[in-house]
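Here is a friendly briefing on the internal spaces and nonpolar packing of the structure shown below. Have it open as you read.

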Amino acid sequence: METTGPVAPAVLPRRRTLQVGTGFAAAGVLMYFGGLLGVYFSERADFLRANPGQSWIPAGARVELTAPTVMAWTLLLSVVTMQWAVHATARDDRRHTLTALLVTGMFGVAVINQTAFQYGQMGLAIDGGSLAAPLIYTISGSHLALVVVALVYLFIMAVRALTAPRTSVHLDGMSASAVLWHAMVFVYLVIWVGLFVTK
Amino acid sequence: MTATETHAVPAEHAAPAEHAAAPVRGPAGLLSSGDHKTVGRLWIVSSLLLGAFVLVCGLLLHLERTALPGIDVFPGITSFRQVFTLYRIGAVFLLAMPLLIGLATYVVPLQIGARGVAFPRAASAAFWVWLTGAGILISSWAIGGGLVAGGEQRAVELSLLSFAMVVVAQLAAVAVLLTTMATQRPRGMSLERMPIFSWSVLVAGAVWLLSLPVLVANLAISWVDLRGPDAVRYGAGQHLFDQVSWVFEQPQVFALAIPAIGVVGEILPVAFGTPQRRWGVMLSLVGLAGAFSFGADLQRFFSPAAQTTPLYVIGGILPALLVVALLGGWADLGRRARRLPRPSGHLALALSALGVLVFAAIAAFIRSLGGAVGFLRSFARHNETWQSDLDRALAPLDGLRGTMAAAGLLDLVVAAAVLGAVAGLFYWSPKIFGRKASHAAGFAVAGILGAGGVLVGAMGLVAGFLGQPDRPSQNFSSVGAEVAAALSAVGVIGILLGLAIVMISVVRGAAELARGASSVPDPWGGYTLEWVAASPPPADNFADRLPATVRSPHPLWEAPAPDVADAPRGAQ
């Protein structure tokens with residue numbers, strides 16, 4: 001069948017493909033953590049209802065607030081530096097882009113380090129018969145994996161932007177990595193409140 | 001170009017064909033291709049092959065349930081449970097969903113006028129990860145794994161990880177499709193002007209993307225719990241499948257049927273040669289079906305009262321109402337066409353899928369009434385007379401909870417999804433294989449597969465009314481339910497036969513394609529953009545044949561004059 005209208009290449013070279021794709025991936029990630037936290041809150045509520053007066057965190061474990069709070073602030077600061085990187089990328093400011101990315105990456109590595117420290121400090125045995133332990137390790141471990149993924153994604157986008165003649169050519173990629181980064185930070189803030197502040 | 005650099009290249013900037021690199025042929029070409037058409041074909045063929053294996057598992061289960069003398073398929077309850085869980089997982093994640101994803105990966109970019117998918121290498125990687133995961137999944141079952149009690153711990157861990165791998169790979173494929181639809185549509189193709197199949201993939205994809213990560217979360221918790229010497233709760237064998245069973249029950253399972261609705265909605269207007277009226281209403285109905293098929297929040301393991309919540313009851317009753325509304329929309333086509341469409345294989349398959357879907361909606365309706373009993377009981381808790389009357393009247397429906405009725409519903413929806421996908425495969429066969437699929441084969445598959453699906457589903461419901469428990473236990477068969485199991489086995493044989501015919505058609509199509517077969521671009525008189533492309537389409541899909549602007553949901557029936565009602569009828 002013949003077409004009736006004028007014939008021309010119809011596909012528009014739409015931008016922000018990476019941002020949209022990363023947005024969908026981030027939605028999946030948020031739902032994954034939503035599932036984990038839903039199970040955690042449901043199980044904790046059931047436990048406390050069935051065992052009034054008992055602690056959800058098993059005896060002997062130290063789930064303290066200091067390290068998680070430092071991590072939360074670290075990640076909040078990284079939101080600012082991440083946006084700084086996006087802003088500098090859009091303005092073809094290579095020096096600021098590099099600085100902002102290095103600081104953001106450093107914050108990410110610091111969070112990994114602090115999580116490792118927290119694991120050593122908690123003394124929460126996964127085989128101790130506690131319902132809380134597998135859930136806490138699944139949630140915090142999954143977030144740790146997400147930090148690593150966000151760092152790798154950031155690194156790839158950074159290499160693309162910084163090796164291009166103009167960084168703004170890769171603004172879509174940099175913004176996409178920011179989308180994932182912000183989702184990761186948001187997830188941690190919920191974990192911080194749900195697991196550590198209201199433990 | 002890096003793996004993520006995937007902007008659509010306008011034709012004026014594209015390299016001339018004579019300068020383009022020659023496509024790699026053979027196994028290396030299959031492994032490395034990011035062409036959505038190649039990847040789509042790989043999904044389709046692999047899911048059909050794995051689906052046949054899964055159906056054989058289902059046949060063995062039903063044969064065991066018949067408890068006929070001389071038939072003792074499984075040596076013990078553990079192996080029965082293993083195959084039981086493999087069948088459930090396989091029916092959804094190795095057969096129905098990948099088949100639909102394969103069809104969508106092939107057709108959606110063509111339908112929306114795109115030259116490819118948004119992330120071609122991610123689409124390819126998703127397929128290979130899925131296939132590898134499926135291989136590991138089946139292998140883990142073979143070495144004593146599975147989501148069961150009494151399995152080998154390491155093998156069970158492998159089962160959990162490979163199941164998650166299979167799900168994540170399919171989610172990646174879905175994310176690629178969603179991104180393609182969000183960013184690669186041509187000028188004028190707003191969401192409400194999208195073809196109904198693409199729209200249905202968008203809706204189902206959104207539901208999967210938002211619900212299946214919760215399944216991955218369930219698997220992650222179980223896996224972590226299993227890492228200790230003794231699983232506390234989540235990794236315990238008897239709890240493993242219960243935690244993920246929500247995926248195989250209503251309302252979540254209905255998400256599988258949504259793309260099948262899209263295929264039916266695509267075929268019927270072309271068959272009648274009449275544009276669909278109330279397009280926005282039809283799209284809204286599909287969207288509503290998607291919204292109510294989200295079931296990640298209705299996990300019985302963590303919330304035992306989930307099946308008596310209003311959301312669950314509404315989610316079970318609504319599909320029946322939505323299907324009735326869709327039927328009304330499609331009946332309008334027949335009324336306006338004032339003639340019967342010419343019989344064709346894909347039309348028979350679409351009608352067969354629709355029939356099974358109607359049956360599934362009725363089954364969900366009946367099953368939800370069981371949940372409604374619990375819901376109504378909460379209103380009548382201060383009135384003992386009313387409560388006892390209610391109990392007496394609706395006891396058989398209330399008793400359906402936790403019975404084989406759930407399996408019957410799953411079988412019906414999977415059959416509808418597979419029939420819908422096969423209908424699409426036959427309808428778009430000129431694009432996929434360069435030749436029209438045999439109408440006789442279409443009629444045969446529509447009859448055999450449709451009847452088999454209805455038989456299996458109906459017998460599941462019957463077994464449910466007879467009190468057959470859904471979860472396998474030591475006494476997994478009861479009098480009467482044995483007859484239902486025997487008839488279910490006959491139904492599964494029917495589905496297997498139907499699938500065998502589809503596979504023969506696919507093999508013939510692939511052979512013709514390898515010999516360079518080609519067809520006219522639009523043999524059915526279709527109205528969506530994929531019919532502009534050559535059959536089979538070239539590497540960039542369209543070679544500048546597209547209209548500059550899309551002005552309606554049926555751009556190829558768009559007359560120069562604005563009156564859509566007088567659009568040319570499809571050449572049958």
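## Spaces and cores

α10(B) gives the largest cavity more of its lining than any other element does, namely six residues. This is a predicted model, in which local features need pLDDT of at least 70, side-chain atom pairs count only at pLDDT 80 or more, and totals for chains, interfaces and linings use all residues. Residues are numbered from 1 along each chain as its sequence is written, chains are lettered from A and ligands numbered from 1 in the order written, and side-chain values use heavy atoms, without hydrogens and water.

**Terms for the spaces**
- On a 1 Å grid over the protein atoms alone, a cavity is a set of points where a 1.4 Å probe fits but cannot get out, while a pocket is an open set with protein on both sides within 12 Å along at least five of seven lines; lining residues have an atom within 4 Å of a point.
- Grid points are joined across faces, edges and corners, and a volume is the space filled by probe spheres set on the points.
- Helices are DSSP runs (H or I, at least four residues), numbered from the N terminus.

**Cavities**
- The structure has 13 cavities of 30 Å³ or more, and the largest holds about 160 Å³.
- Closest to the centre of the largest cavity, among its 16 lining residues, are B:F254, B:I261, B:A289, B:P319 and B:V323.
- By class, that lining has 14 nonpolar, two polar and no charged residues (Ala, Val, Leu, Ile, Met, Phe, Trp, Tyr, Cys and Pro count as nonpolar, Asp, Glu, Lys and Arg as charged, the others, Gly among them, as polar).
- The second largest cavity has about 100 Å³, and α13(B) gives the most to its lining, with four residues.

**The second largest pocket**
- This pocket holds about 1,400 Å³, and A:A25, A:V29, A:V149, B:V168 and B:A172 lie nearest its centre among 42 lining residues.
- α5(B) supplies the largest share of the pocket lining, eleven residues.

**Nonpolar cores**
- The largest nonpolar core (buried Ala, Val, Leu, Ile, Met, Phe, Trp, Tyr and Cys residues joined through side-chain atoms within 4.5 Å; buried means under 20% relative accessible area, with a 1.4 Å probe and protein chains only) has 233 residues, and B:F248 is one of those with the most contacts inside it.
- α3(B) gives the most to this core, with 23 residues.
- Beyond four places in sequence, B:F248 is in contact (heavy atoms within 4.5 Å) with residues including B:R88, B:F163 and B:L410.

Terms used: Helices (H or I, at least four residues) and strands (E, at least two) are DSSP runs, numbered from the N terminus. Buried means under 20% relative accessible area, exposed over 50%, partly exposed in between (1.4 Å probe, protein chains only).
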